[in-house]
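Reader: Please show me the structure, and then let us discuss it by question and answer.

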Amino acid sequence: MSGFQEVNFDGLIGPTHNYAGLALGNLAAAENAGDVSNPRAAALQGLIKMRAVMDLGLVQGFLPPQSRPHLHTLRGLGFSGTDKQIISAAVTHSPGLLANVYSASCMWTANAATVAPSLDTQDGRVHFTPANLARNFHRAIEPDQTALALKHIFADPSFFVHHPPLPGGIHFGDEGAANHGRLAASHAAPGVHLFVYGEDGDRFPARQKLAASQAVARSHGLAGDKTVYVQQSKAALDAGAFHNDVVGVANEQVLFLHEQSFENREAAYAAIRAAAPNVQIVEASSDDVSLQDAVGSYLFNSQLLTLPDGTQALILPTESAENPRVKAFLDKMIAGNGPIASVHFLNVRESMRNGGGPACLRLRVVLSDSELSAVDQNFILSAEKIDKLEAWVRDHYRDRLSPDDLRDPDFMDEAFGALDALTQLLGMGSFYDFQN
Ligand code: SUG
């Protein structure tokens, strides 16, 4: 029996990263709407995070950026002519659309898909369901290309099964792994799947539907007694936790979360304990950290990782170190010798300003050694490959992008040129629709 490990697949941040305020309920995105972004810094921050995780001794992968602007969407909405004519017509007739088809939101690969490891599925294969991201238009155009990328990277059907995104739009709104956690004695042991769904709050709509989580669990062939469905608290949703991973994260036997994460805390913990008796719940009380501080600092949108020595480390955004109450909580937690042994702060500020912390930027895939060798090795990083990707970013990315820049049809060529160079760097052949 081969060993198992968790591999994080981060979204390589695309050259059109911008602040458009597109995501209702996402406070950071709303606050920074219209600001000038720095796509070059964003992509380099992402690569520095990937390198840091690799330097901790873990295997690190990535998913490529999607084709943006997404001309296919504009054509589907009746725009026609050459590529540049399409952009110019959209600028004239529907300027609001441009920001949507230019969004680099696929960087947040926690929303790319839900994944079930072969240890937990009926047929012993790894199952993927791309998220339909139906709630927000700029994200609802992601699933087709997500599916292509996942099929490209995890191609071998003897190991990997790809389901289509759920049908039914917002009736089966599915935001992927951002509302899903797996509890297990170790990554190599069978696990319990925790699905967190929402009900609309007083301020904000819920994105993840219970029926969607149930459908994904059904497709993936998860056993009924190995799945738990818990409602996110409306208080957390209305405080800006538009995905549950803003208020909690699970890794192996540890569930690290805010005490106001779930609508009915006692019943939720009882259900989780019944399915996963060895779970260790590490909770921040509202006295230690308010929901506002949790959302503002992204304390829980951290990556909780098992290191090669078996200890667990938390990768946090620098915003968590800058909030004195959050920092005091972390210091107390580490001094308390609980299951989380170390903390590391990383700067992913460009993504954070759109509401995306370290945990949003990665999709976790538990793989056996033989499954890992079946993965397209182009998307598994080495120090040398990160060097090359950093050089590619420096060559092709702007360090200033304002919403008005999206109106310039020449910027489209620049964005496509960067992606074309990426496929050459990786020897991927033609991968994007604009290359055909
Ligand atoms: O869907 N922001 C993303 C952030 C996603 C974070 N992911 C997780 N929590 N797993 C969202 O709200 C903002 C884009 C803009 O407004 O330009 C945005 O889409």
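Author: A residue is called buried when its relative accessible area is under 20%, and exposed when that area is over 50%. The model to which this cut-off is applied here is predicted.

Reader: Is Ser-233 buried or exposed, and what is its relative accessible area?

Author: Ser-233 lies in the loop between strand 8 (227-231) and helix 9 (234-238). The cut-off for a buried residue is under 20%. Ser-233 is therefore buried, with a relative accessible area of 5%.

Reader: Which residue has its backbone oxygen 2.6 Å from a polar atom of the side chain of Ser-233?

Author: A pair of N or O atoms counts as a polar contact within 3.5 Å. At 2.6 Å, the partner of the polar side-chain atom of Ser-233 is the backbone oxygen of Gln-260.

Reader: Which residues are the closest to the ligand?

Author: The ligand is surrounded by 21 residues. By class, this shell has ten nonpolar, eight polar and three charged residues. The closest are Leu-22, His-138, Arg-207, Asp-245 and Cys-360.

Reader: What percentage of the accessible area of the ligand does the protein cover?

Author: Polar side-chain atoms approach oxygen atoms of the ligand at 2.9 Å from Asn-26 and at 2.8 Å from Arg-207. A backbone N or O atom of Asn-354 lies 3.0 Å from a nitrogen atom of the ligand. On its own the ligand has 490 Å² of accessible area, and the protein covers 99% of it.

Reader: Which residue in strand 2 stands opposite Gly-11?

Author: Strand 1 (residues 4-11) and strand 2 run parallel and are joined by four bridges. Strand 2 spans residues 60-63, and both of its faces are covered. Gln-60 and Phe-62 are buried on one side, as are Gly-61 and Leu-63 on the other. The residue opposite Gly-11 is Leu-63.

Reader: Why do side chains one after another fall on two sides of a strand?

Author: In a regular strand the side chains alternate between the two faces of the sheet. In strand 2, one side has Gln-60 and Phe-62, and the other has Gly-61 and Leu-63.

Reader: Where is the cis peptide bond that leads to Pro-69, and what is its omega?

Author: Pro-69 is found in the loop between strand 2 and helix 3 (71-76). The bond in question runs from Arg-68 to Pro-69, and its omega is near 5 degrees.

Reader: Which strands stand at the edges of the sheet with the order 3-4-5?

Author: This open sheet is formed by three strands, and its pairing is mixed. Strand 3 (113-116) and strand 5 (160-162) each have a single partner strand, so one side of each is left without a neighbour in the sheet. From one strand to the next, the twist averages 20 degrees. The edge strands are strand 3 and strand 5.

Reader: What is the bridge partner of Val-126 in strand 5?

Author: Strand 4 (residues 126-130) pairs with strand 5 in the parallel sense, over three bridges. The partner of Val-126 is Phe-160.

Reader: What is the relative accessible area of Glu-252?

Author: Glu-252 has its place in the loop between strand 9 (248-251) and strand 10 (254-258). Its phi is near 50 degrees, a positive value in a residue other than glycine. Glu-252 is buried, and its relative accessible area is 9%.

Reader: What is the relative accessible area of Tyr-298?

Author: The loop between helix 11 (291-297) and strand 12 (303-306) holds Tyr-298. Phi of Tyr-298 is positive, near 60 degrees, in a residue other than glycine. Tyr-298 is buried, with a relative accessible area of 4%.

Definitions and conventions: Residues are numbered from 1 along each chain as its sequence is written. This is a predicted model: local features need pLDDT of at least 70, side-chain atom pairs count only at pLDDT 80 or more; totals for chains, interfaces and linings use all residues. Side-chain values use heavy atoms; hydrogens and water are left out. A residue is near a molecule or strand if one of its heavy atoms lies within 4 Å of it. A polar contact is a pair of N or O atoms within 3.5 Å; within protein, one must be able to donate a hydrogen and the other to accept it, and residues adjacent in sequence count only if both atoms are side-chain atoms. Accessible areas come from the Shrake-Rupley method with a 1.4 Å probe; for residues, only the protein chains shown count as cover. Ala, Val, Leu, Ile, Met, Phe, Trp, Tyr, Cys and Pro count as nonpolar, Asp, Glu, Lys and Arg as charged, and the others, Gly among them, as polar. Buried means under 20% relative accessible area, exposed over 50%, partly exposed in between (1.4 Å probe, protein chains only). Helices (H or I, at least four residues) and strands (E, at least two) are DSSP runs, numbered from the N terminus. Two strands pair if DSSP finds at least two bridges between them. Axes are lines fitted to C-alpha atoms, for helices over the stretch in contact, and angles run from 0 to 180 degrees between N-to-C directions.
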